[in-house]
Amino acid sequence: MSKNDFELKNYALLKSLGFKCGLEIHQQLNTKNKLFCHCPVGLTGAPHDAEILRHMRPTLSELGEYDGTALMEFKTKKNVIYRLYRERTCTYEMDDTPPFLVNQEAVDIAIKLALLFNCKIVDELHVIRKQYLDGSIPTGFQRTMIIGIDGWVPFKGKKIEISQVNLEEEACREVSDIGHCIVFATDRLSIPLVEIITGADMKDPGEAAEVCRLLGNAMKVTGLVRRGIGTVRQDVNVSITGGDRVEIKGVHKVGNIPDLTASEAYRQQGLLELKNIFREHFPKPGEIPYDEAVFTLNFSGTANQIGRRLESDHPLKVVGLKLPRMVDIISYMLQPGRDFGFELSGRVRVIACIDTRPNLFFYSQREKYDIPEELWNNVVDELKPERGDDIVLICGPSEDITTAINEIKIRISELASGVPNETRQDIKDGTTDFERILPGPDRMYPDTDHPPVRIAGERVDALRTAVGEPLWEKHRRWSELGLHEEQVKALSLSRFADLFDRLAKECSDKEYSGYLKKMAHICTGLFVGLRRRGYDLTKCDTLHLSKIIKGSFNGNWSYNKLKQILILAADGIIDTEASEMTLTDDEFNAAWKSSLTEFAGRNSNNSKDKFRRYFAGKLLARYTDVRDILTRIDARLASTSSLS
Ligand SMILES: [Zn+2]
């Protein structure tokens, strides 16, 4: 494998590296109210009614230690602005009043989902605080509670462990994060969600995506969870042999999981190789001879990438840092298109808040930037790099540059230990960027505001009977009926899966057995096609739809004819009880009226003859007695003087 060539689809190679992946799925619940107050659930499009500015500060944990993440967030010195909405937020969310008792509707849903995943349900709920200092929760912690443990789901002949199902409150919605100012909308804050944590049981990137989809869909089809953009988010944990658990936060699409996890596995492999190179270069990492110099005057008044930045309203500085014996390290490719220099850039972006990229300018990569050679010559004259040395230029506020240089040195020293413990973010191109230091285990502590809540055995038993058939059981059943994999997948997501089950049951006799695949196609492809054309069949009665579909088999209708009839059903033109397929006078009149309106809307030439053909076509798509229909149409047309 060449350095730039990452075989993202080579799952055999990834398995040989010891690829392991676990998932954390965060799914919002379909409740009326938030988890610890009575504010309604749902996002608002309205402008905010007020703003609050806060700063985050780390506090000592019970054990008398600072959490690494907390310290990192403190270093960023952010102004945190919360947007408040009269209808969606109260004093609880802003940490001005204690929580109300936990929303029992949310507890019931979480128990049902934990049971769906075969978990043991806890007999007492304990609210725990999980420290969150990125500002996304104004209290600085998230309230969370364990609902179920030790569960599993079947997947391709093995069991995927569901180690924990938690019920917790949502964080804020991030509106923007620029420099030292981050803005959050509070409407999403405290919406109840379940966190589903799996074991590290997925052994290749494809499996990781498939299991993620299975768990997500299994929850979706219960109707107990919220649907739509942003209502579900997944974090993916990846490690390889000799590497360490790295968490990729907020993966945007399940379809991105394979490439992201493969990239991460190769990144860890690269970091393990870099560890050896680094140790060879620096047997004593504490004694790296860094050197730095200020170049602000050289760049001010010049028209290039750095010079133009110096024209900003704030006083900025340009500093060069010599990186001895690091040319091969900086350019070492770790992910597709991303080298170790990018790792440094990520730390500086997040921690020093120098976030316009490129935020680091490497001498060894100078052909990438718009900086003239003579300016680089000044830098070289001053810092005097030797063969194998690199130089990085940083431009920003003086204090941020100090933070940046410190972070660059920290990240380089971490090379000695291989893969650092960190969370990374999906940057939507199949690669990841640094997000934050992975939180330590001591970020959880008991919540003293909320009493423990007993979960009675009878309550769990009652909820158990209310848990429907799990998705994987449906999959098994549908596969046994002879549906192929694609149809099973499509049915799992179809709102008409119940209709299919009804048809399959009613048509279980021999006479219909050849129609199962056709039924599945009607309930998926055909209905989706009609919905895209604006015909919504979800409001039609399932019994009625099943009669139409069975009628189509009995009458040996063409596919097109069935489609026409379903369109009439969606438009409400066919009486929902008209199962016998005979045309009553009322139906005739209703169809006449609606067809006339439609016809007038589509045709400027409203000749009787043209309408006769149009109307007959509509009726004949639905009723089979041609002679009867034409006789009635002609009689009506004869008694009508004008169509308008
Ligand atoms: Zn509230």
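**View 1. Strand S21 and its surroundings in the predicted model.** In this predicted model, strand S21, which spans residues 432-437, has 5 of its 6 residues buried, so the strand is largely enclosed by the rest of the structure. Strand S20, formed by residues 422-426, pairs with S21 in the antiparallel sense, and the pairing runs over 5 bridges. Within this pairing, Arg424 has Phe434 in S21 as its bridge partner. The two strands form a hairpin with 5 residues between them, and in the turn Lys428 adopts a positive phi of about 65°.

**View 2. The salt bridge between Arg424 and Glu422.** The side chains of Arg424 and Glu422 meet in a salt bridge with an N to O distance of 2.6 Å, and both Arg424 and Glu422 are buried.

**View 3. The zinc ion and its protein donors.** The protein donors of the zinc ion are the SG atoms of Cys37, Cys39 and Cys90 together with two OE entries from Glu93, and they lie 2.2 to 2.7 Å from the ion. Along the chain these donors follow the spacing C-x1-C-x50-C-x2-E. Distant parts of the chain are linked here, with Cys39 in the loop between strand S1 (20-28) and strand S2 (50-54), and Glu93, 54 residues apart from it, in the loop between strand S3 (79-84) and helix H3 (104-116). Both Cys39 and Glu93 are buried.

**View 4. The salt bridge between Asp447 and Arg143.** Side chains of opposite charge can pair when their charged atoms come close. A search of the whole structure finds 46 salt bridges, and one of them joins Asp447 to Arg143, with the closest N and O atoms 3.0 Å apart. Because Asp447 lies in the loop between strand S22 (444-446) and strand S23 (453-454), while Arg143 belongs to strand S7 (residues 141-155), the pair ties together parts that are 304 residues apart in sequence. Asp447 is buried, as is Arg143.

**View 5. The salt bridge between Glu469 and Arg477, and a network of salt bridges.** Glu469 and Arg477 form a salt bridge in which the closest N and O atoms are 2.9 Å apart. Glu469 counts as partly exposed because its relative accessibility is 34%, and Arg477, with a relative accessible area of 26%, is likewise partly exposed. Elsewhere, salt bridges that share partners join Glu264, Arg267, Glu343, Arg347, Arg411, Glu414, Glu422 and Arg424 into one network.

How values were computed:
Residues are numbered from 1 along each chain as its sequence is written. This is a predicted model: local features need pLDDT of at least 70, side-chain atom pairs count only at pLDDT 80 or more; totals for chains, interfaces and linings use all residues. Side-chain values use heavy atoms; hydrogens and water are left out. Buried means under 20% relative accessible area, exposed over 50%, partly exposed in between (1.4 Å probe, protein chains only). Helices (H or I, at least four residues) and strands (E, at least two) are DSSP runs, numbered from the N terminus. Two strands pair if DSSP finds at least two bridges between them. Donors are N, O and S atoms within 2.8 Å of the metal (3.2 Å for Na, K and Ca); water is not among the atoms, so sites may look incomplete. A salt bridge is a side-chain nitrogen of Lys or Arg within 4 Å of a carboxyl oxygen of Asp or Glu.
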